[in-house]
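Here is a short tour of a few local features, meant to be read with the structure open beside it. Feel free to rotate the view as you go.

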Amino acid sequence: MTMSNIVLDLSELIEEGETDSISGRTFGEGYAKKKKIIEHITSGDTITILIDPSKVKAINDSFWKGFFSGVFKHLKSKDKVKNHFQFKTDDFYLSLIEKNLTILDSIFKV
Amino acid sequence: MICYCQETPIETDFLDYLPNILAFVALLIAIYVVILTKRADIQLAKFQKLCLDVIEAKFSRLETLIDQNKESEIGEYLQIITDANLDLNLIFIQLKSIYPQINIDVLQDITQEFTDKAYLNYNQKFYTLQSDFLITKIRVQEKLYDYALYHEFSYISRKLYS
């Protein structure tokens, strides 16, 4: 089985001139489904999420809840999730993502 | 012939002691109620310190952020609001370990509504974040006080009537 690294650039979710923030649980779920996140995790791939703070001004935690809900149902814990994901962004976004993962960990932990 | 009727010795002894027995039982009940009341006071203080005060501090921080940025467009400080809201949710999670019966899902849903609305209306000129914030704060506090009333401070009534 060939494991690969998948790169998701969240800037693609920003509509030029329309919005510079990302929000919505359904939106997050849909994006995870579109990018076949569970399939990649099952295949052992790693997923790198790029967030350019100059383009993406804000990300609501509802988006992360939607994006990661399937992932946490599958992997059950934050540590296992972090084995499959890397985040390339600034420290502020990294801090927010860490908090989101901690909250999701408490929701989904068995 | 004169007949003398006498009370039996056992009945006489019991009737003599009855007032003392009743007084002793009353004393025990009074001590029990005092202990329960003191326990309720301690539980109240604990809930105030560990729950209400901590959440109030987080709400105060959020209120300060909103107030400091009220002249700016909401979009300029959405991330800061998101961060403050996440801190509040982390507190909810910690509370669950101390008060397992608190329904933090409801609390998280209430605060999620607040941030969702902020993101939805971030570029709406006449949308005021302050009013939605106040509603959110009141709703969360109402849930916490309801929890306190029905779970923590009904201790005396549960003990007395169980």
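The notes below look at one helix, the loop after it and a surface patch.

Please keep in mind that this is a predicted model.

Let us begin with helix α3 of chain B, which covers residues 104–120. Its 17 residues should span 24 Å at 1.5 Å a residue, and the end C-alpha atoms are 24 Å apart, so the expected span and the model agree. At the start of α3(B), Asn103(B) brings a side-chain oxygen to within 3.3 Å of the backbone nitrogen of Asp105(B). The buried residues of this helix include Ile104(B), Leu107(B), Ile110(B), Phe114(B) and Ala118(B). Polar residues are buried there too, among them Gln108(B), Thr111(B), Gln112(B) and Thr115(B).

Next comes Asn121(B), placed in the loop between α3 and α4 (129–152) of chain B. A polar atom of the Asn121(B) side chain lies 2.9 Å from the backbone oxygen of Lys117(B). Leaving aside residues up to four places away in sequence, Asn121(B) touches Ile74(B) and Tyr127(B).

How does the accessibility of Asn121(B) sit beside that of Phe14(B), a residue of helix α1 (residues 9–68) of chain B? The table gives both values.

| Residue | Relative accessible area | Class |
|---|---|---|
| Asn121(B) | 18% | buried |
| Phe14(B) | 47% | partly exposed |

Asn121(B) counts as buried because its 18% is under the 20% cut-off.

Finally, Phe14(B) helps to make a nonpolar surface patch of about 660 Å², together with Leu15(B), Tyr17(B), Ile21(B), Val25(B), Ile29(B) and Val33(B).

Methods. Residues numbered from 1 in each chain as written. Chains lettered and ligands numbered in written order. Predicted model: local features only at pLDDT ≥ 70, side-chain atom pairs only at ≥ 80, totals over all residues. Heavy atoms only, no water. Helix = DSSP H or I, 4+ residues; strand = E, 2+ residues; numbered from the N terminus. Expected span 1.5 Å × (residues − 1). Buried < 20%, exposed > 50% of the residue type's maximum accessible area, 1.4 Å probe, protein only. Polar contact = N/O pair within 3.5 Å; in protein donor to acceptor, adjacent residues only side chain to side chain. Contact = heavy atoms within 4.5 Å. Patch = residues over 30% accessible without salt bridge, like charges linked within 9 Å, V, L, I, M, F, W, Y side chains within 5 Å. Areas by Shrake-Rupley, 256 points an atom, 1.4 Å probe, with all protein chains shown as cover. Salt bridge = Lys/Arg side-chain N within 4 Å of Asp/Glu carboxyl O.
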